[in-house]
Amino acid sequence: MATPKQKITLNASRDIPFNKLMLSQSNVRRIKRGETIEDLAASIARRGLLQSLNVRPVLDGEGNETGMFEVPAGGRRYRALELLVKQKRMSKTEPVPCVISDAHSAVPIEEDSLAENFQREDLHPLDMFRAFQTLHDQGASHEEIAARFFVSATFVQQRLRLARVSAKLQEIYEQDGMKLEQLMAFTVTDDHARQEQVWEALENSWSKEPQQIRRLLTETTVRASDRRALFVGVDAYVAAGGVVLRDLFEADNGGWLQDPALLDRLVGDRLKSIADEIAAEGWKWIVVDADLPYGYNHGLRAIAGTPVGLTDAERAEREALRAEYDRLEAEYGESDELPDDVDQRLGHIETALEAFESRPMHYDGAEIARAGVFISIDRDGDLVVDRAHVRPEDEAMQAVDGHSAEPGCATENEDSRHNPSARAIITIGAQASEPEEDDGDTIKPLPERLVIELTAHRTLALRNALAENQHVAITALLHRLVLDTFGQRSAIGCVEAFVRHVHLPWQDVGLKDSPAAKAVHERHEAWKSDIPLDDDEALWAWLDGLDEASRQTLLAHCVSYGINALFERPNPYGSGVSQHGLDQRRREADRLSRATGLDMVDAGWRPTVDNYLGRVTKSRILEAVREGAGDQAAQLIDHLKKADMAKEAERLLADSGWLPEPLRLRGNDAARPNVGEEADLPEFLAGDDEDGSATHETAAHAVAAG
C-alpha cells in the first residue's frame, strides 16, 4: 500500500508586542537603495501594516526561548514601526502581526530573508497605470494620489496618460510586443485610431524608435516653438478652441498645436489688424507676409527718416537707469556670480536702455504718401515692421530744375495723409506652391524652378565665402577687369563686378534663415552703420582713411554682391543668357568654390521635404537615398507613399553629406561648346519640364539679370 505524501504545515502567525521584536543580524539586505523609512511609516499610519513580519524566536545559550523574536525578513517595516513609536504615534506594546518560523528549523534563517526578497515579483507597470486610473476614476486628484504614494504629481500624470493609451497597444505592451519607451511616445495624442495606425505602419519597420513614433503622431501639427505660435501666443490659440498636444515624458518645448489652419487664421487676423493700424499713418501700400523671402526689398528706395526725440521725462528716466546700472556694476563687478535678483534687474535695465536707443522714425508726409511698409514675423515670433520703401513706379517725377513737375502732387499727398484708408493698399502675400508631379518610376528631370532655388542657395553661400576671403575676391575682381580691359568676352560669367546686386527671385522658405544669408546680412548691416552714405565727399575721405585690411574686407564684401551662380534656361534667340554664357557662369562658380573652399554641406545645406525631397518624384527620392545612405536604406522606404517617403528620406540623409546635382562641384574637364552653338542641357535638366512643357519663354531667363 502506497504511503501518502506528507502534507506541509504552514508557519503559525500571531500578534507580538512591538517591544518584543528586534532586528536580526541575519537579514541579507544590507545596502540601502534610497527608499525612505519616513514614507513607509506614513503609509503604515494611513493603511495599517499590510504585510506581516517574518520572525524567529531568540534562544538563550541553553536553547530555550527568551520571549524575544528577531526579524530576518521585514527590516524596513520594523524600522518604520520603530519610527512611529519614536514619534509617539504608536505604543511600544502595540501588537504586530507576525509569521513565526521554527527556531530549530533546518532552513537557515538567512534563507528566509533571501527568499522573501528574491522571490518577490515587482508590480507590472501596466498594473500600476490602471490602478492609478481606478483611483482617479473614484475621484482622487493627481495631487491626492501623489500624496498617498509619496511621488510627484507629474509622476502620477504620466502614469494616468499611459493608462489612456489605446487598449490594443496596452495589450501589445503587456505581451512584450513593444517597450515602455515606445508606449510612452504614444501618449502625445489621445486619438486611439491614430495611435493604432502609426503602430501598424511601424511594427514591421526597422525604425520604430520613440522619436519616430512621436514624429509621425505630430507630423500634421505645429510646434509651440514655431514663430507663428510664438507670435499669437499659445494661450490665445487655446482660447480660440485650439488643442495642444503635450509630451509628459520628454522635453517638448511647449508641445504641438494640433490645428495649423486655426493658427494660420489667428496669425493672419493679428497681422491684418496691425496692418490696419499702420495704414492710418498714411502709407500708400502695405505688404503683409508671415514669411517674407530673402531680399524682399530689393530694388526699392529706402526713405531717410529722423529719430523722434526723447521727452524730458524719458531723458530723466534714461539717466536714472544708467545711474542704477553703473551702481550695480560697481557694487557687484568683482563678484564671481551675480545674485539672481541683481542679474535679473540688470537685464531689465539693459532692455529698457535698448528701447531708448531704438527710437521710432519721423518721415516727411509727402514721402509717406508714396512709400510702403512690409510687415512680417521673425524666427523668434517677434513682429517685424519695415517702413519707408518706395517702389520705382511710385517715384515722383522731377523737372529739370529739380522742382516737382506736377504742382498738384503735394496737395494729393497731403489729402492722402488726412484720409489714409482711401490710399493704403494692404496685400497678404505668400510663396507660390510647387505643382503636383507624377510619381513615375523613371528618373525625370528636376523641375526648372527647383534648380533655380537650389542654385540660389549656392549663389548666397558663394557670396559669403568670397566675402570672407579677400585674396580670392580681389583675384576675381582683377580677373574680371583684366578681361574687360585687355580682351573681349561676350559672356558676363560669374563675377559681375560693376557691381550689380543679383536678385534671387525664386527661393525656398529656408533660404533667408540659412547660415550664409545671416552672415551676409550681418556683415552688410555692420558696414552700413559705419559708412557715411549721405555725403559723397565724406564717403571718399572715409574710404581713403581706412586701413588696408578694412579696405580689402570691404572690397571683398562689395564684390560678393556680384556673384551669380543661378541656373536659368539658355535662350539662343538673344534674350537672356546663352548656353555659352551659362557654361561660363558654371565654370567660374566651380572655380570660386574651389578657391574659397566652399562646400555646400559645410555651408549648412541639408536635403529637406521643403527644399528638395518633397519637390521631386519618388524615383529621385530613392536615387538620393541610394547615393547618400545606401541601397539597403532605399529598400526600406521604397514601399512608402511619396509624402512619407520624403519625410523618411530627410531623416536618412540628414547627416549623409549628400547633395543634388545642381549643388555639386563639377570637374574642370567639362567640354566647352563653340560660340554660337547650342549645347545640350546638363543631364539632370535634359528633357521636358515635369508638366510636359518645354518652352524657352519662361520667367527663368531673367533670373541672373536681377
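**Questions on a predicted chain**

Biologist: D176 lies in the loop between helix 7 (167–174) and helix 8 (180–185), with helices (H or I, at least four residues) and strands (E, at least two) taken as DSSP runs and numbered from the N terminus; is D176 buried or exposed?

Modeller: The model is a predicted one, in which local features need pLDDT of at least 70 and side-chain atom pairs count only at pLDDT 80 or more, while totals for chains, interfaces and linings use all residues. Residues are numbered from 1 along each chain as its sequence is written, and side-chain values use heavy atoms, with hydrogens and water left out. Burial is judged by relative accessible area (buried under 20%, exposed over 50%, partly exposed in between, with a 1.4 Å probe and protein chains only). Because the relative accessibility of D176 is 67%, this residue counts as exposed.

Biologist: What is the relative accessible area of A388, which has a positive phi although it is not a glycine?

Modeller: Most residues other than glycine have a negative phi. D176 has a positive phi of about 65 degrees, and A388, in strand 14, has one of about 70 degrees. Unlike the exposed D176, A388 is buried, its relative accessible area being 1%.

Biologist: Which side chain of opposite charge is nearest to the buried D386?

Modeller: D386 sits in strand 14 (residues 383–390). Although buried, D386 has no salt bridge, a term that requires a side-chain nitrogen of Lys or Arg within 4 Å of a carboxyl oxygen of Asp or Glu. Lys and Arg count as positive and Asp and Glu as negative, while His and the chain ends are not counted. At a distance of 8.3 Å, the nearest side chain of opposite charge is that of R387.

Biologist: Which side chain makes a polar contact of 2.6 Å with that of D386?

Modeller: A polar contact is a pair of N or O atoms within 3.5 Å; within protein, one must be able to donate a hydrogen and the other to accept it, and residues adjacent in sequence count only if both atoms are side-chain atoms. The side chain of D386 makes one such contact, of 3.0 Å, with H389. The polar contact of 2.6 Å joins D386 to the side chain of Y296.

Biologist: How far is the C-alpha atom of H389 from that of I303?

Modeller: H389 lies in strand 14 and is buried, with a relative accessible area of 5%. Beyond its neighbours within four places in sequence, H389 is in contact (heavy atoms within 4.5 Å) with residues including W285, N297, L300 and R301. Although H389 and I303 are 86 residues apart along the chain, their C-alpha atoms are separated by 6.1 Å.

Biologist: With which residue does R387 form a salt bridge of 2.9 Å?

Modeller: R387 is partly exposed, with a relative accessible area of 29%. The closest N and O atoms of its salt bridge are 2.9 Å apart, and the partner is E281. E281 lies in the loop between helix 13 (260–279) and strand 9 (285–288) while R387 is in strand 14, so parts that are 106 residues apart in sequence are tied together by R387 and E281.

Biologist: Which residue forms a salt bridge with E367 at 2.8 Å?

Modeller: E367 also meets R301 in a salt bridge of 3.4 Å, N to O. E367 lies in helix 16 (residues 365–368) and R301 in strand 10 (residues 301–302), so the pair ties together parts that are 66 residues apart in sequence. R301 counts as partly exposed at 31% relative accessibility, whereas E367 and R370 are both buried. The salt bridge whose closest N and O atoms are 2.8 Å apart joins E367 to R370.

Biologist: Which helix supplies the largest share of the largest nonpolar core?

Modeller: A nonpolar core is a set of buried Ala, Val, Leu, Ile, Met, Phe, Trp, Tyr and Cys residues joined through side-chain atoms within 4.5 Å. The largest has 56 residues, and Y612, V625 and I637 have the most contacts inside it. Several helices each supply at least two residues of this core, among them helix 19 (470–486), helix 20 (515–530) and helix 24 (618–629). The largest share, 10 residues, comes from helix 18.
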